[in-house]
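Visitor: I have a structure open and would like to go through it with you. Can we start with the strands and move on from there?

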Amino acid sequence: QVQVVESGGGLVQAGGSLRLSCAASGSIFSINYMSWYRQAPEKQRELVALIVSGGSTNYADSVKGRFTISRDNARNTVYLQMNSLEPEDTAVYYCRANINRGPRLRSDDYWGQGTQVTVAS
């Protein structure tokens, strides 16, 4: 079994900062990439940021320059530092991890339960 658990959401004023964490645990052989998605009410889930095992990153245009994704490979943990938050960033933030459970097993995607981020204007 594999578990993916997010933490760090909350309520913040516009212009403020939050740091989200996501930890993967369980039967993990390797993690190919970890990423953050978000879903606002009545909107589709969208990719916010992604980091691969080698450290390369990718960001949605709407968060470039404000959000930073980082990863602690030893802890199987990914972070999302969110600065200069805007009301439009309000959403449930989900972590997605692409994980190999064994050397000859195909990788699978595992999702966390989500953490609410609310930015007040």
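Guide: What follows covers the sheet, some ring contacts and a pocket, in a model that is predicted.

Visitor: What is the strand order in the open sheet?

Guide: The order is 1-3-8-7, four strands with antiparallel pairing.

Visitor: And which strands are at the edges?

Guide: Strand 1, residues 2-7, and strand 7, residues 67-72. Each of these pairs on one side only.

Visitor: By how much are neighbouring strands turned against each other?

Guide: By 15° on average, with direction ignored.

Visitor: Take the strand 1 edge. How many bridges join it to strand 3?

Guide: Six, and the two strands run antiparallel. Strand 3 covers residues 18-26. For a landmark, V4 stands opposite A24 of strand 3.

Visitor: Moving inward, how many bridges are there between strand 3 and strand 8?

Guide: Six bridges there, again in the antiparallel sense. S21 stands opposite Y79, which is in strand 8.

Visitor: Then the other edge. What is the bridge partner of R71 in strand 8?

Guide: V78. Strand 8 spans residues 77-82 and is joined to strand 7 by six bridges, with the two running antiparallel.

Visitor: Change of topic. How many aromatic pairs does a search of the whole structure find?

Guide: One.

Visitor: What about charges over rings: where does the charged end of R45 sit?

Guide: Over the ring of Y94, 3.7 Å from the ring centre. The charged end of R45 also sits over the ring of W111, at 4.8 Å from the centre of that ring.

Visitor: Now pockets. How much space lies in the largest pocket?

Guide: About 150 Å³.

Visitor: Which residues line the largest pocket?

Guide: From one stretch of numbering, R38, Q39, A40, K43, Q44 and E46 are among them. The lining also includes E88, T90 and A91.

Visitor: How does that lining split by class?

Guide: Four residues are charged, three are polar and two are nonpolar.

Note on methods:
Residues are numbered from 1 along each chain as its sequence is written. This is a predicted model: local features need pLDDT of at least 70, side-chain atom pairs count only at pLDDT 80 or more; totals for chains, interfaces and linings use all residues. Side-chain values use heavy atoms; hydrogens and water are left out. Two strands pair if DSSP finds at least two bridges between them. Axes are lines fitted to C-alpha atoms, for helices over the stretch in contact, and angles run from 0 to 180 degrees between N-to-C directions. Rings of Phe, Tyr and Trp (its six-membered ring) pair if their centres lie within 6.5 Å; planes under 30 degrees apart count as stacked, over 60 as edge-to-face and the rest as tilted. A charge sits over a ring if NZ of Lys or CZ of Arg is within 6 Å of the ring centre and within 35 degrees of the ring normal. On a 1 Å grid over the protein atoms alone, a cavity is a set of points where a 1.4 Å probe fits but cannot get out, and a pocket is an open set with protein on both sides within 12 Å along at least five of seven lines; lining residues have an atom within 4 Å of a point. Grid points are joined across faces, edges and corners, and a volume is the space filled by probe spheres set on the points. Ala, Val, Leu, Ile, Met, Phe, Trp, Tyr, Cys and Pro count as nonpolar, Asp, Glu, Lys and Arg as charged, and the others, Gly among them, as polar.
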